[in-house]
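Trainee: Got a minute to go through this one with me? I'd like to start with what counts as buried.

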Amino acid sequence: MSEEKLGFVGKPVKDIYGTHIGKVVGIITEIDGEIETVGVDCGSGGLKQLPYEQLVIQGEYVFFIPKWRLDAQRLLRQKSLTLKRIKALQDIVAENDSMKEDAELVSMKYEKKLSEIEGGEKQVNDKLNARLAELEAETRNIKSLLFDAKLQFRSNEMKEESYQQIRVQTDELIEHIDNEKTEIGNVRTKLAANTLENLNAVSVTEAAPAKEEAPAESSPPIVEVAPVQEVAAVVAEEEKLAAVSANGAEQSETSWLNQVITK
């Protein structure tokens, strides 16, 4: 077993939105030595076995990836590739009608695959809707807790310092929830937009010749200079993304996640 995999032990675990889950206390392996699950001490929540495929080491933390994210990302890749191949078949037939019969045989295979993927897409959307309902319920519970703390503060049952601590913690939890809800919305938008019609529309737009513009009257070139603060921000962001990409290069299935791990 590689030292990298053993590196899980002892590290704190968070979800990718920053919420603390617990600490890794051990691992369970398959008979061939591959990690099956990772044991995480969740305090009063007890010891939980988290699937290895849903975990990624980033710096001093182990981040837990929601299952819906992995399912949605895998589905997006499969659907995108299948649609590209179907379009390629259509283009081949359009260019050479004599290959129509051969293309139809292959096309049936990919259309069947697309039908299976669309069935999986419905399941993923159902999971996303269920998760959104859970997040809404969590938000209500958090707001109820904060409101009760405010009542205790106003009735002089709680010191202001304690109330402010509760407010900071609950605001942070709500921020994590809002981040996940935003990402779910983005995933649903990508799934809905990933269609053959949109793929064809993009191809038509790219193939359309650019309009020739009349030559403009000669004038001194205008050079726009970005403010120093903007340049510094761009450089810092590029360095941050480069560092994150380098750290996650060996995690092929979840390398895309490194760009959104911010805490």
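Mentor: Sure. Buried means under 20% relative accessible area, exposed means over 50%, and partly exposed is in between. Keep in mind that this is a predicted model.

Trainee: Okay, so is Lys 87 buried or partly exposed?

Mentor: Lys 87 has a relative accessible area of 12%, so it is buried.

Trainee: What does the side chain of Lys 87 meet in a salt bridge?

Mentor: Asp 91, with N to O at 2.8 Å. Asp 91 has 31% relative accessibility, so that partner counts as partly exposed.

Trainee: And why are those two about one helical turn apart?

Mentor: Because they are four residues apart in helix α2, which covers residues 67-95. An α-helix has 3.6 residues a turn, so residues three or four places apart point the same way.

Trainee: How many salt bridges does the structure hold?

Mentor: There are 13. One of them joins Arg 131 to Glu 134, where the closest N and O atoms are 2.8 Å apart. Both residues sit in helix α3 (residues 100-154), three residues apart, about one turn of the helix. Glu 134 is partly exposed at 43% relative accessible area.

Trainee: Those are both within one helix. Which residue does Glu 136 meet in a salt bridge?

Mentor: Lys 181, at 3.0 Å from N to O. That pair links distant parts of the chain, since Glu 136 is in α3 while Lys 181 is in helix α4 (residues 160-193), 45 residues apart. Glu 136 is partly exposed at 35% relative accessibility, and Lys 181 is partly exposed as well, at 25%.

Trainee: Which residues end up in one network through shared salt-bridge partners?

Mentor: Lys 67, Asp 71, Arg 74 and Lys 127.

Trainee: Back to α4 for a second. How does its end-to-end distance fit the expected span?

Mentor: The two agree. With 34 residues at 1.5 Å a residue, α4 should span 50 Å, and its end C-alpha atoms are 49 Å apart.

Trainee: Which residues of α4 are buried?

Mentor: Among them are Tyr 163, Thr 170, Ile 174, Ile 177, Ile 184, Val 187 and Leu 191. The list also takes in His 176, Glu 180 and Glu 183.

Trainee: What covers them?

Mentor: The cover for the buried residues of α4 includes α2 and α3. Leu 135 is a handy residue to look at here. Leu 135 is in helix α3, and with 0% relative accessibility it counts as buried.

Trainee: Leaving out residues up to four places away in sequence, what does Leu 135 touch?

Mentor: Ile 177, Glu 180, Lys 181 and Ile 184. Ile 177, Glu 180 and Ile 184 are on the buried list for α4. Also, Leu 135 and Ile 174 are 39 residues apart in sequence, with 9.4 Å between their C-alpha atoms.

Trainee: Nice. What about the surface, which residues make the nonpolar patch of about 310 Å²?

Mentor: Leu 105, Val 106 and Met 108. Val 106 lies in helix α3, and at 36% relative accessible area it is partly exposed.

Trainee: What about the whole chain, how much area does it expose?

Mentor: About 17,700 Å², with carbon and sulfur atoms supplying 54% of it. Buried residues make up 29% of the 263 residues.

Trainee: We've only talked about helices. How many helices and strands are there in the chain?

Mentor: Six helices and six strands. From the N terminus, the order is α-β-β-β-β-β-β-α-α-α-α-α.

Trainee: So let's do strands. Do β1 and β2 pair in the parallel or the antiparallel sense?

Mentor: Antiparallel, over three bridges, with β1 at residues 12-15 and β2 at residues 20-29. Lys 14 stands opposite His 20 in β2. The hairpin has four residues between the strands, and Gly 18 takes a positive phi near 105 degrees there.

Trainee: And in which sense do β1 and β6 pair?

Mentor: Parallel, again over three bridges, with β6 at residues 61-64. There, Asp 15 has Phe 64 of β6 as its bridge partner.

Trainee: Last one. Of the contacts with a separation of 6 or more, what share is between residues 24 or more positions apart?

Mentor: That share is 57%.

Conventions
Residues numbered from 1 in each chain as written. Predicted model: local features only at pLDDT ≥ 70, side-chain atom pairs only at ≥ 80, totals over all residues. Heavy atoms only, no water. Salt bridge = Lys/Arg side-chain N within 4 Å of Asp/Glu carboxyl O. Buried < 20%, exposed > 50% of the residue type's maximum accessible area, 1.4 Å probe, protein only. Expected span 1.5 Å × (residues − 1). Contact = heavy atoms within 4.5 Å. Patch = residues over 30% accessible without salt bridge, like charges linked within 9 Å, V, L, I, M, F, W, Y side chains within 5 Å. Areas by Shrake-Rupley, 256 points an atom, 1.4 Å probe, with all protein chains shown as cover. Pairing = 2+ DSSP bridges.
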